[in-house]
Amino acid sequence: MQLISYLISYNFVSVALIIGIIVLLIENRKERPHGTEHIAVIVILLSIIVANAAIRELFLKKVYDADYDYRGDPAMYFMYFRTAVEHILFPMIAYIEILLITPNVKRYLLFIPEGIVIAAEIVNLFGPKIIFSYNSHLDYEDGIFFLAPYFAGMIYMLLLLRYSIRFFKSKDKTKGATVIFIVFLTILECYLEAAYIVVDLMDEIVALDVIVFYFYLISIYQREMEEKLRISQLELEKSRRVLTLSQIQPHFMYNSLTSIIYLCDKDTNKTKNALIDFSKYLRQNLDAMSRNGLVSIKEELEHTKIYLSLEKLRFDDDLNIEFDIRDEMFMLPVLSVQPMVENAVKHGINSSDSGCGTVRISTDETETHHRIIIKDDGAGFDTAELDSLDESHIGINNVRKRLQDECGGELIINSVPDEGTECVILIPKEKNDENSGN
C-alpha cells in the first residue's frame, strides 16, 4: 500500500497518463482499432518502468544508508537488475512503436539493436561492467559502452523519422506529422536530460507519445468506419435497385404480351419486331442488375426508346413521342430516364381524362450541368403529395437517391393538375465530362 501511495505521489503525471491510456483502451475495447495490441504492450512496459523508478526512489528515501558498504548486499543486485530493465525497456518501447506505426517492416531485422542491448545488459549483469556499474555506496557510474541503450533508441527514432518522410511522400501527411511530433518530443527529452536541464521525464514523454498516436488511430478507425458505412449504404441502394429491377412491372409485361398476341394475326413483321423489342427490354433490365458505375446517355435513351415502342403497341396513336436530343456526351446512373418516362406514360397520359397525350424527351446543357427533361401533357398532380406517393409511382425516390449518390445529380419535378408534369434531371459537369471521354 505504501508503494502504491509513493508511486502516485512521486510520479503522478506518469501514472495519470498511463491510467488515461488504459481508460481509452477499455472505452474502445469493442472497436479494437488497428494497433491496439501494440498500445497495450507499450502500456505494460511503461507501467513496469514507472513502478521500477518508484521502487528505486522509495528505497533511496526509506532504506538507503550513504555510509553503508553495499558490496555483496542484495540491494546492489537489485539496483543492477532494475537499471538493466530500464535500459532494455525504453528501446523496446521504441521498437514496438515502429511495429505500431509501420506494421509491414522487417521486424526481425529491426530487433537487432534491441537484441544487442539485451545481450550487453546480460553481460553487464554477470560479467564485465561494460555499460554501467555501482560503487560500494550505490553511486551510478558509466561504463565504456554506456551509450548503447541510448544509441539503440536513437536508431529507432531515426527510423521513425525516415518512415514519417515516406508517409509525407505517399500523401499520408497526418500520419507523417504525428510521427514527427513523437520523434521531436523524444529527442527533445533526450537533449534536456543530456544537458541536465530536466531529468526523469522520459516515461511521461513516452506516455504522451502513445496517447497522441492512439488518438490518431482512433481518428483513422472512425474514418474507415464512416467509409464502410458509406459503402454499405451504396450497396443497400444497389440492392434496392436490383429488387426494383427484379420486380419488372407485371402490368407492363401483361399489356405488352397482350398487344403482341393481338398483332400476331394482323401483322407478322410488326409482331416479330415487337418480340425483339420486348426481348431487348427484358435483357437490358436484367443486365442493369449487375452494372456498376455510370452509363452513357445514348445507352439510356436507347433503352427508353425500346420501352416506348412497346407502349406504342397498346396506346397506338393515343401516345405521341417526341425527342429533342441536343446533348449526348455525358454519363448517368443506369435506369434514370426510363422509370421517369414510364411514370409519364402510366400516371400522366394514361390517367388523364382523354387517355391520350404527348411525352417529350429532350437533352441540353448549361454552363454547369447536363440536363434531361421528360415532359408530358397528362393528368399532372400536386407536387406536395410527392412524399406520400405509393409504390405504384415507380422509381421517383429510387432515381433521386441514385442520382445523388452515384454522380451528385438532382431530380426536380414540377407538375400542375390537369396540365401535365415536367421532370428535370441535372447531371453536374464536374468530373462527368472526364468519365464520358471529353
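Here is a chat about some side chains in a predicted model.

Biologist: Hi! What should I know before I start?

Modeller: This is a predicted model, in which local features need pLDDT of at least 70 and side-chain atom pairs count only at pLDDT 80 or more, while totals for chains, interfaces and linings use all residues. Residues are numbered from 1 along each chain as its sequence is written, and side-chain values use heavy atoms, with hydrogens and water left out.

Biologist: Cool. Where is Glu-311 found?

Modeller: Glu-311 sits in helix α12, residues 297–315. Helices here are DSSP runs of H or I with at least four residues, strands are runs of E with at least two, and both are numbered from the N terminus.

Biologist: And is Glu-311 buried or exposed?

Modeller: Glu-311 counts as buried because its relative accessible area is 4%. Buried means under 20%, exposed means over 50%, and partly exposed is in between, using a 1.4 Å probe and protein chains only.

Biologist: Which residues does Glu-311 touch?

Modeller: Not counting residues up to four places away in sequence, Glu-311 touches Phe-252, Leu-319 and Val-345. A contact means heavy atoms within 4.5 Å.

Biologist: Switching to Arg-402: which side chain of opposite charge is nearest?

Modeller: That is Glu-406, 4.6 Å away, and Arg-402 is buried yet has no salt bridge. A salt bridge needs a side-chain nitrogen of Lys or Arg within 4 Å of a carboxyl oxygen of Asp or Glu. For charge, Lys and Arg count as positive and Asp and Glu as negative, with His and the chain ends not counted.

Biologist: What lies 2.6 Å from a polar atom of the Arg-402 side chain?

Modeller: The backbone oxygen of Val-334 does.

Biologist: Now rings! How many aromatic pairs are there?

Modeller: The count comes to 13. Among them, Tyr-134 and Tyr-140 are edge-to-face, at 5.7 Å centre to centre with 75° between the planes. Rings of Phe, Tyr and Trp (its six-membered ring) pair if their centres lie within 6.5 Å; planes under 30 degrees apart are stacked, over 60 edge-to-face and the rest tilted.

Biologist: Are those two tyrosines buried or partly exposed?

Modeller: Tyr-134 is buried, at 9% relative accessible area, while Tyr-140 is partly exposed at 37%.

Biologist: Last one: where is Gly-143?

Modeller: Gly-143 is in the loop between β2 (140–142) and α7 (148–169). Gly-143 and Ile-130 are 13 residues apart in sequence and 4.9 Å apart in space, C-alpha to C-alpha.

Definitions and conventions. A polar contact is a pair of N or O atoms within 3.5 Å; within protein, one must be able to donate a hydrogen and the other to accept it, and residues adjacent in sequence count only if both atoms are side-chain atoms.
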